[in-house]
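Here is a short report on one protein chain. Start with the enclosed space, then move out to the core, one helix and the whole fold.

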Amino acid sequence: MSMMRVVACLAVVSALVGGRSANAGVLEEGAERYRPYMIEGIGSALAGARALRESAAAGDLGGAKRAWLSARAGWERSEVFTTGFVPELDAQIDAWPNADSGFHAIEAKLFGTGSTDVDADAAALVEHLNDLHSKLREMKLTPQGLLDGTARLAYEVGESKADGGESRISGTSLDDMRNNIAGIDFAYRTIFSAALNTAEGKLDELVTNRIDQLHAIVATPDLPHVDIPDLRRASEELVVALQLASAKLGLRRPTLEAQVR
């Protein structure tokens, strides 16, 4: 190989490596911009859980229900990262469908039987959310783990939550989906959109359009008015688009199975 060809090959390799490093840096910066949103969401869930425990201890069923709803909203906005980064706490906080601990054990009593006898479960929920909240500032957030979480939650919205969702007793499954989609939207636009737009603008537009479509589908007065086939279709198309985006971002194809990052 001539010296000129060697120099040319080295220039190409250097450009590719430099491009990947720059892209990785952009994504890592995006992940750090996501961190305050994550802290706020879990902080809101924790504040709601503390208020829930206090209201339930005072026998205030209405107040306990409202606090549960507030805590739940903060949690659902945060599910992009919970199953992949803290699966053990996720299982303790949001066990489903067995509902033997966390949110759903409390939901069954508050909304199912009208009982405020939830102190043990509420105390455990506060403890686990507090444990999680204390880890968030130092937790390593990888773009790969957040892309996996975004794709996995998009799939969940269209598949396991579309048939009535996981919060059936409280009747808040539609809000669960809305908060999930809000979390997906924020994560994608904050971490991935700019890098993907630079690499493949049409693919970024496709992902954004599918997220907007999901927002529109769940903007209904109640769950029976949600077009379930459209929800599933938009969810699946979003997952496929995110999988296609991974190669353009220099990441692995996102998995739909929870893994510790």
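## The largest cavity

E79, T83, G149, R152, L153 and E156 line the largest cavity. Two elements each give two or more residues to this lining: α3 (79-85) and α7 (143-158). Helix α7 gives the most, with 4 residues.

The model is predicted. How much space lies in the largest cavity? The volume is about 30 Å³. With a threshold of 30 Å³ or more, the count comes to 1 cavity.

## The nonpolar core

The largest nonpolar core holds 68 residues. Within this core, Y34, F81, L132, L146 and F192 have the most contacts. Helix α1 (residues 3-57) supplies the largest share, 12 residues.

Which residues does Y34 touch, leaving out those up to four places away in sequence? The list is S78, V80, F81, L141, L146, F186, A187, T190 and I191. Two of these partners, F81 and L146, appear in that list and are also named among the core residues with the most contacts.

## Helix α9

Helix α9 covers residues 201-217, which makes 17 residues. Does its length come out short, long or as expected? At 1.5 Å a residue, α9 should span 24 Å. Its end C-alpha atoms are 24 Å apart, so the model agrees with the expected span.

Several positions in α9 are buried: L203, D204, V207, T208, R210, I211, L214 and I217. The list includes D204, T208 and R210 alongside L203, V207, I211, L214 and I217. What covers the buried residues of α9? The cover includes α8 (173-199) and α10 (228-249).

## The chain as a whole

The chain has 10 helices and 0 strands. Read from the N terminus, its elements run α-α-α-α-α-α-α-α-α-α.

Buried residues make up 49% of the 261 residues. Take the contacts with a separation of 6 or more: 75% of them join residues 24 or more positions apart. The accessible surface of the chain comes to about 11,900 Å². Carbon and sulfur atoms account for 55% of that surface.

Note on methods:
Residues numbered from 1 in each chain as written. Predicted model: local features only at pLDDT ≥ 70, side-chain atom pairs only at ≥ 80, totals over all residues. Heavy atoms only, no water. Expected span 1.5 Å × (residues − 1). Buried < 20%, exposed > 50% of the residue type's maximum accessible area, 1.4 Å probe, protein only. Contact = heavy atoms within 4.5 Å. Areas by Shrake-Rupley, 256 points an atom, 1.4 Å probe, with all protein chains shown as cover. Core = buried A, V, L, I, M, F, W, Y, C linked by side-chain atoms within 4.5 Å. 1 Å grid on protein atoms, 1.4 Å probe; cavity = no way out; pocket = protein on both sides within 12 Å on 5 of 7 lines; lining within 4 Å. Points joined across faces, edges and corners; volume = space filled by probe spheres on them.
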